[in-house]
Amino acid sequence: MRLKSRNLTNAEMPRHPESMLNRSLPNIAHSGGLGFDGNMPEQIVKKKRSWKKIFKRTFLTLLTLTIIAGGWVGWKFVSNSAKIFGWNNLFGWFHTTKLDGEDQGRVTILLAGNSADDPGHGGANLTDSIMLVSINTKTNKAFLLSIPRDLYVNIPNHGYAKINETYQDGEADNFAEAGYAKGGMGLLEKVVAENFGMTSNYYALVNYAALRDAVNAVGGVQINVQSSDPRGLYDPSPDLATRQPLVDLANGVHTLNGQQALDLARARGDSYGAYGFPRGDFNRTDHQRQIIVALKDKASSVGTLSNPIKLGELFDSFGGNIKTDLNVSQVRRAYSLMKKIPSNDIASAALNNGTDRTLLKNYTTPYGQSALIPTAGVDDFSGIQAYVQQLEAQ
């Protein structure tokens with residue numbers, strides 16, 4: 001039986017058309033939208049509150065971690081600063097002090113390194129690394145000049161000896177003289193001033209641990225080995241801890257960790273079978289200057305300054321391992337000056353460069369020791385002083 005469709009009359013139409021609409025459309029309140037009364041459904045309100053709680057907890061967690069990390073770095077900074085400068089001088093970090101020599105356009109720091117932290121190393125108080133760090137405050141340029149440890153000089157009240165003995169002698173005598181620092185570094189300042197014609201405004205004495213730990217703290221330093229030997233650098237002197245070669249590096253770019261950087265800074269290729277060190281101690285000092293510049297770049301990079309762990313470890317490497325007559329506010333000023341100087345504007349200088357500059361020659365002391373003296377002869381430092389003046393004029 002077929003049913004016929006027909007149109008409804010007005011009398012047959014529902015009195016409330018919206019009831020038909022409700023039967024044909026989904027309930028908006030249950031489908032996640034706003035209800036007809038304009039209020040947010042309870043399910044959505046709960047979800048939004050849940051996300052707010054998660055965001056708030058995450059933010060508070062990150063804030064707490066930031067405060068803890070900042071406090072940890074701050075404590076590392078304060079405690080290690082106190083080891084170097086003493087607790088009474090820490091307020092100097094809040095301001096800077098103009099450095100001696102800055103108004104004249106040049107600030108010079110005498111940098112020396114010894115192995116006082118290495119009980120198994122003979123001659124721990126001999127400064128086997130000596131360097132002048134000189135900053136031109138007007139041109140924002142600088143130079144690093146290495147002084148060979150075997151340089152034969154006249155040490156006041158001690159006679160002729162290698163310059164690396166000077167610090168030890170000054171410490172033994174409690175050296176004190178107007179115009180110089182007290183102790184061994186003051187006597188070294190005097191010997192350098194008399195022979196090089198260059199006055200040091202400040203000094204810093206650094207031990208092995210400071211270099212090794214600082215390099216590790218910044219995640220290593222990049223060194224470009226360019227040896228005249230196609231095989232690179234090799235020094236078979238056994239390391240006391242690992243019994244591995246002291247240095248074994250091919251020519252090219254290497255990222256060195258702290259121990260590798262320290263080994264390179266100490267190696268001079270004087271062991272049987274070594275290669276890549278044709279100039280011996282001069283190669284060693286070349287590598288030292290290269291490492292210092294690389295460390296300066298890495299320590300001032302964003303990757304280090306923004307990393308609280310690296311900063312904490314960097315502060316640890318300095319505390320107890322550096323002795324200086326710079327006060328806290330002067331260190332801040334020196335840092336700001338060095339930060340302005342690009343690495344390309346830091347000249348790496350040596351008295352013998354292996355090519356056209358030969359200001360020193362070999363010498364045998366009256367006691368049969370091998371040493372170095374100016375090419376003009378014992379005590380004649382005129383050529384060296386002229387070279388220093390050229391460096392200062394740049």
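The legends below describe an overall view and several close-up views of a predicted model.

**View 1. The whole protein chain, seen through its overall totals.** The secondary structure of the protein chain comprises eleven helices and 14 strands. Of its 394 residues, 41% are buried, and the area that the chain exposes comes to about 22200 Å², with carbon and sulfur atoms supplying 54% of that area. When contacts between residues at least 6 apart in sequence are considered, 64% of them join residues at least 24 apart.

**View 2. Asn-195 in helix α4.** This residue belongs to helix α4, which covers residues 184-196. Asn-195 has a relative accessibility of 9% and therefore counts as buried, since the term applies to values under 20%. Once the neighbours within four places in sequence are set aside, the residues in contact with Asn-195 are Val-153, Phe-381 and Gln-385.

**View 3. Gly-105 and the residues it touches.** Gly-105 is found in the loop that runs between α2 (42-85) and β1 (106-114). Its relative accessible area is 5%, so Gly-105 is buried. Although Gly-105 and Thr-137 are 32 residues apart along the chain, their C-alpha atoms are separated by 5.0 Å. Thr-137 is also one of the residues in contact with Gly-105 when neighbours within four places in sequence are left aside, and the others are Ile-135, Asn-136 and Lys-138.

**View 4. The hairpin of β13 and β14.** Strand β13 (residues 360-364) pairs with strand β14 (residues 370-374) in the antiparallel sense, and the pairing extends over five bridges. Within this pairing, Asn-362 stands opposite Leu-372 in β14. Five residues lie between the two strands of the hairpin, where Gly-368 takes a positive phi near 85°.

**View 5. Asn-140 and Asn-157, each with a positive phi.** Most residues other than glycine have a negative phi. Asn-140, which is not a glycine, nevertheless has a positive phi of about 55°, and this residue lies in the loop between β2 (129-136) and β3 (141-146). Asn-157 is likewise not a glycine and has a positive phi of about 70°, while its place is in the loop between β4 (152-155) and β5 (159-162). Is each of these residues buried, partly exposed or exposed? Asn-140 has a relative accessible area of 29% and is therefore partly exposed, whereas Asn-157, with a relative accessible area of 79%, is exposed, the cut-off for that word being over 50%.

Key. Residues numbered from 1 in each chain as written. Predicted model: local features only at pLDDT ≥ 70, side-chain atom pairs only at ≥ 80, totals over all residues. Heavy atoms only, no water. Helix = DSSP H or I, 4+ residues; strand = E, 2+ residues; numbered from the N terminus. Buried < 20%, exposed > 50% of the residue type's maximum accessible area, 1.4 Å probe, protein only. Contact = heavy atoms within 4.5 Å. Areas by Shrake-Rupley, 256 points an atom, 1.4 Å probe, with all protein chains shown as cover. Pairing = 2+ DSSP bridges.
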